[in-house]
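Here are some notes for a colleague coming to this structure for the first time. They deal with charged pairs and with one enclosed helix, and are best read with the model open alongside.

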Amino acid sequence: MSDRVVTTEQDGAVGTITLNRPKANSYNLAFMEDLNTSIDEMISNDSVKTVVMKSALDGFFSAGADIKAFRANTTEENMKMIRFAHATLRKMGDSSKVFIAAIGGHTLGGGLEIALACDLRTAGDGAFRMGLPEVTLGLLPGNGGTQRLPRLIGRTRALSMMLTGETVPPARAHELGFVDWIFPQDSYLADTLVMARKLATGATVAMASIKRCIFDGMEMPLSEALDMEREAIGPLFDTDDAKEGFAAFAEKRKAVFTGR
């Protein structure tokens, strides 16, 4: 039996990463090492097209960093974990696969930063909180929060949340724009998996190109980003998926994509 606190499973073209460190999925270096291994497993598995990250714990997606461990560590030990976490979380954005965080409980600090590093986020409509309250500890969100949240909800809203340490319920997170879909609390995970399976049967080569154009293009001047977009679409015309998409449109039927 695995003693990992972050594990993977696969159901067809959908992979899952499960966080399971009671009581709140607070993470330390060992947790991050397990998460890194799990992300690598999903990225290297060619039969997995979409990945859902979820929690095995009632009430928490993740409460963030293990504060007791932070307090006991030296600064260099804490920085070692932060550097490793940055490299780990970046892998999801760099991957051609779609990573979805399925959130059904409190998602705070570094826990939200894990979710923000995924491509998409779903949440149940439960009575839990989400936010980056690191300022209340005299710190800043150091695992990507100061960079990823403003890119999702804008500079002023992100600045306000981080300066005050405000946490919000999932409905407000959806309004602000860092949760993409809200589902009923008792079915949020099942609903997320349905969405993941639908994405996994789509034109995944095109999806990977869309992801790359958006992620890279937002860091470029518009003229350069448009050049990149033009260069990215050319090879897609020769894919089996594009040929199938054109044929299905002409024949007035649903396309059956193969990811080639």
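**Notes on salt bridges and a buried helix**

1. Arg212 and Asp216 form a salt bridge, in which the closest N and O atoms lie 3.0 Å apart. Both residues belong to helix α9, which covers residues 204-217, and because they are 4 residues apart there, about one helical turn separates them. Arg212 is partly exposed, at a relative accessibility of 25%, and Asp216 is likewise partly exposed, with a relative accessible area of 30%. Please keep in mind here, as in every point below, that the model is a predicted one.

2. As background to these pairs, side chains of opposite charge can pair when their charged atoms come close. Over the whole structure, the search finds 14 salt bridges, and the points below describe some of them.

3. Which parts of the chain does the pair of Lys91 and Asp40 link? The salt bridge between Lys91 and Asp40 has its closest N and O atoms 2.9 Å apart. This pair links distant parts of the chain, since Lys91 sits in helix α3 (residues 75-94) while Asp40 sits in helix α1 (residues 29-44), 51 residues apart. Lys91 has a relative accessible area of 25% and is partly exposed; Asp40, with a value of 31%, is partly exposed as well.

4. A further salt bridge joins Asp240 to Arg260, and the closest N and O atoms in this pair are 3.8 Å apart. Here too the pair links distant parts of the chain, with Asp240 in helix α11 (residues 240-251) and Arg260 in the segment after α11, 20 residues apart. Asp240 counts as partly exposed, at 39% relative accessibility, whereas Arg260 is exposed, its relative accessible area being 53%.

5. Beyond the individual pairs, Glu244, Glu251 and Arg253 are joined into one network by salt bridges that share partners.

6. Is helix α4 buried or exposed? The helix runs over residues 110-117, and 8 of its 8 residues are buried, so helix α4 is largely enclosed by the rest of the structure. The buried residues of α4 include the glycines Gly110 and Gly111, together with Leu112, Ile114, Ala115, Leu116 and Ala117. Glu113 is also among the buried residues of this helix, and a reader stepping through the model may wish to look at α4 after the partly exposed pair of Lys91 and Asp40.

Technical notes:
Residues are numbered from 1 along each chain as its sequence is written. This is a predicted model: local features need pLDDT of at least 70, side-chain atom pairs count only at pLDDT 80 or more; totals for chains, interfaces and linings use all residues. Side-chain values use heavy atoms; hydrogens and water are left out. A salt bridge is a side-chain nitrogen of Lys or Arg within 4 Å of a carboxyl oxygen of Asp or Glu. Helices (H or I, at least four residues) and strands (E, at least two) are DSSP runs, numbered from the N terminus. Buried means under 20% relative accessible area, exposed over 50%, partly exposed in between (1.4 Å probe, protein chains only).
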